[in-house]
Amino acid sequence: MTIELQLARQDLTWQVTRNESAKSAEEREGLLAAPAFGQQFTDHMVDVCWSERGGWHRPRVQPYGPIQLDPAAAVLHYAQEVFEGLKAYRHADGSIWTFRPDQNAARLQRSAKRLALPELPAEYFIDSLRRLIAIDADWVPSAPETSLYLRPFMFAKEAFLGVRAAKKVNYYVIASPAGAYFPGGITPLQIWLSDHWTRAGHGGMGYAKTGGNYAASLLPQTEAYAEGCQQVLFLDAQEGRYLEELGGMNVVLVTRDRRLITPDSDSILEGITLKSVLQLARDRGYRTEQRPVPVQEWIDGVESGEVVEAFACGTAAVITPIGVLRNHTMRLEMPAAQESVALSLREELTGIQYGRVEDRHGWLTRLDA
Ligand SMILES: *Cc1c(COP(=O)(O)O)cnc(C)c1O
């Protein structure tokens, strides 16, 4: 073996550096008893380098902490960044599982491609989650409906102000314990229908999970809050007629004749929760439709009694019924559901995730073995 090859091989073995100031068991248990999602993080993180010449190399698990960046790092100027979001669930027997990570891996690759970032091999993605769980397993909470939220992300680290795809990139995984999303029971959402701002356009990067799309949604989201709503719903950028999605969740309508309807367009991020919910509904004999959906169809459908429910879905809140859709010129009140399909699908999906319901589609991957 040449020296160069030996170096390359060594460069691909994981280096693990334990956090000397890791939280004590007592401190950790205190944090897990009331997790402040997104504000507290586990003791370690994953950090893998990529360069144009060397490919993926120097994979590490190291103490959680600040990342050193050159002020000219491309991400700070041109937002060349993508991310993922998934959860680790603790089952009753103590084992730790995640949900369809192959789908997150594939989506991270699609997002990366759109942002001119390198594609991380899927095995590498899943391995990175296992490596973090191997050292931070005690951070996966066990109370009902709690989880450890995993946040893989990748960005352009190269210090260069020229406008082109960066030649140096890093991939990280951090993790934050998450409590039950609705500790006081599920309350239907009030949604603000954006009548001016859009989130993404045809041919843009709406289908990629990237910070830039979120940046575009923050001002409309702020306006929605000011109007007393919890989320904003975007319409298509071209005609302002068709449903797109919420800032970070997909939207679904349920009809009286057992159909689930959800918008289809290249500016929507295809959620893994959405995909799974549509599958579970088909298993129950529902028909599913992914096609352009005019907002007027929803409004008329509620009036005629055809549309009986609407819900939002995504990893964080799983499935949340929509109660009201409104803006300056309209207000649509959803009827009170007799037997909510949304809540029943939510029960089944979380049942699978927490190991209470049979995983008949093989969606779970064990992380701690
Ligand atoms: C992540 C995300 C979703 C939901 O996707 P899941 O895989 O179900 O979590 C929906 N819309 C946007 C814009 C997102 O970033």
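**Close-up 1. The side chain of Gln80 meets the backbone of Ala116.** In this predicted model, the side chain of Gln80 comes to 2.9 Å from the backbone oxygen of Ala116. To find Gln80 in the structure above, look in the loop between H3 and S4. Gln80 counts as buried because its relative accessibility is 8%, and buried means under 20%.

**Close-up 2. Ala79 has a positive phi without being a glycine.** This view stays with the loop that joins helix H3 (74-78) to strand S4 (81-83), where Ala79 is found. The phi of Ala79 is about 60°. How accessible is Ala79? Its relative accessible area is 39%, so Ala79 is partly exposed. Gln80, in the loop between H3 and S4 as well, is buried at 8%.

**Close-up 3. Glu84 and Arg107 are joined through their side chains.** Moving along the chain, we come to the loop between S4 and strand S5 (86-90), which holds Glu84. Is Glu84 buried or exposed? Its relative accessibility is 0%, so Glu84 counts as buried. The polar contact between the side chains of Glu84 and Arg107 spans 2.8 Å.

**Close-up 4. Trp97 and Asp368 are far apart in sequence, at 271 residues, and 7.4 Å apart in space.** Trp97 belongs to strand S6, which covers residues 96-99. That distance of 7.4 Å to Asp368 runs from C-alpha to C-alpha. Trp97 has a relative accessibility of 21% and therefore counts as partly exposed; the cut-off for buried is under 20%.

**Close-up 5. His196 is an exposed loop residue.** Which elements flank the loop of His196? They are strand S9 (189-193) and helix H6 (211-226). His196 has a relative accessible area of 59%, so it is exposed, as the cut-off for exposed is over 50%. Please bring Ala237 into this view too: the C-alpha atoms of His196 and Ala237 are 9.3 Å apart, with their positions 41 residues apart in sequence.

**Close-up 6. The ligand has a shell of 15 residues.** The closest of them are Lys209, Tyr214, Glu245, Thr273 and Thr315. What kinds of residue make up the shell? There are 7 polar residues, 4 nonpolar ones and 4 charged ones. If you zoom out a little, you will find the ligand sitting in the largest pocket.

**Close-up 7. Oxygen atoms of the ligand pair with polar atoms of the protein, one of them in the side chain of Tyr214.** Here a polar side-chain atom of Tyr214 is 2.4 Å from a ligand oxygen. In the side chain of Thr315, an N or O atom is 2.6 Å from an oxygen atom of the ligand. Ile272 takes part through its backbone, with a polar atom 2.8 Å from a ligand oxygen. How much of the ligand does the protein bury? Taken alone, the ligand exposes 390 Å², and the protein buries 97% of that area.

**Close-up 8. Arg258 has a positive phi although it is not a glycine.** Our last stop is the loop between strand S12 (250-255) and strand S13 (259-262), the place of Arg258. Its phi is about 60°. Arg258 counts as partly exposed because its relative accessibility is 39%. For a companion view, go back to Ala79, which has a positive phi of about 60° and a relative accessible area of 39%.

Key:
Residues numbered from 1 in each chain as written. Predicted model: local features only at pLDDT ≥ 70, side-chain atom pairs only at ≥ 80, totals over all residues. Heavy atoms only, no water. Near = heavy atom within 4 Å. Polar contact = N/O pair within 3.5 Å; in protein donor to acceptor, adjacent residues only side chain to side chain. Areas by Shrake-Rupley, 256 points an atom, 1.4 Å probe, with all protein chains shown as cover. 1 Å grid on protein atoms, 1.4 Å probe; cavity = no way out; pocket = protein on both sides within 12 Å on 5 of 7 lines; lining within 4 Å. Sits in = over half its atoms within 2 Å of the grid points. Nonpolar A, V, L, I, M, F, W, Y, C, P; charged D, E, K, R; others polar. Helix = DSSP H or I, 4+ residues; strand = E, 2+ residues; numbered from the N terminus. Buried < 20%, exposed > 50% of the residue type's maximum accessible area, 1.4 Å probe, protein only.
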